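Trainee: Could you take me through the sheet in this one, slowly and in detail? I'd like to see how the strands are put together and what sits in the turn.

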Amino acid sequence: MTKKNDWPQQLSPEELAEWRRRFAEANRVNVFCHCRQCDEEWVASRKEACHHCGSLNVEAIACWQFPDG
Ligand SMILES: [Zn+2]
């Protein structure tokens with residue numbers, strides 16, 4: 001058996017920056033929005049007006065509120 005660590009061991013500075021960027025993105029974009037006006041759905045960093053019809057009648061659900069699976 002070889003010792004293996006799940007944590008990335010040999011990332012170049014570029015890859016590390018990319019990895020951190022994705023992680024930050026996942027933390028930031030964590031609100032699921034649903035437009036009650038036109039049924040458009042998207043994810044954003046916070047509740048915002050509908051991208052599709054501009055309605056403010058938007059339902060916003062934090063992604064962490066979704067049950068697993
Ligand atoms: Zn809409």
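Mentor: Sure, let's start with the strand order. In this predicted model, three strands make an open sheet in the order β2-β1-β3, and the pairing is antiparallel. That leaves β2 and β3 at the edges with a single partner strand each, so each of them has one side without a neighbour in the sheet. On average, neighbouring strands here are turned by 25° against each other, if you ignore direction.

Now go through the two pairings one by one. Strands of a sheet pair through backbone hydrogen bonds, and that can be parallel or antiparallel. On one side, β1 and β2 run antiparallel and are joined by 4 bridges. If you want to follow the register on screen, pick F32, which has V43 in β2 as its bridge partner, then go to H34, whose partner in β2 is E41. On the other side, β1 pairs with β3, residues 58–62, again in the antiparallel sense, over 5 bridges. A handy marker there is C35, which stands opposite V58 in β3.

Next, the turn. β1 and β2 form a hairpin, with 5 residues between them. D39 belongs to that loop, which links β1 (31–35) and β2 (41–44). The backbone of D39 deserves a look: its phi is near 75°, a positive value in a residue other than glycine. For context, most residues other than glycine have a negative phi. D39 also counts as exposed, because it has 10 C-beta neighbours inside 10 Å, and the cut-off for exposed is 12 or fewer.

Zoom out and you can place the sheet in the rest of the chain. The protein has 1 helix and 3 strands, and along the sequence they follow the pattern α-β-β-β. Burial is scarce: of the 69 residues, 3% count as buried. As for contacts with a separation of 6 or more, 21% of them are between residues 24 or more positions apart.

Finally, how far can you lean on the prediction? The mean pLDDT of the protein is 82, with 74% of the residues at 70 or more. Confidence is highest in β1, at 91, and lowest in helix α1 (residues 13–28), at a mean of 82. So to speak, the strand you'd begin with anyway is the one with the highest confidence, and β1 is also the strand placed between β2 and β3 in the sheet order.

Terms used: Residues numbered from 1 in each chain as written. Predicted model: local features only at pLDDT ≥ 70, side-chain atom pairs only at ≥ 80, totals over all residues. Helix = DSSP H or I, 4+ residues; strand = E, 2+ residues; numbered from the N terminus. Buried ≥ 20, exposed ≤ 12 C-beta atoms within 10 Å, placed from the backbone. Contact = placed C-beta atoms within 7 Å. pLDDT = per-residue confidence, 0-100. Pairing = 2+ DSSP bridges. Axes fitted to C-alpha atoms, helices over the stretch in contact; angles between N-to-C directions.
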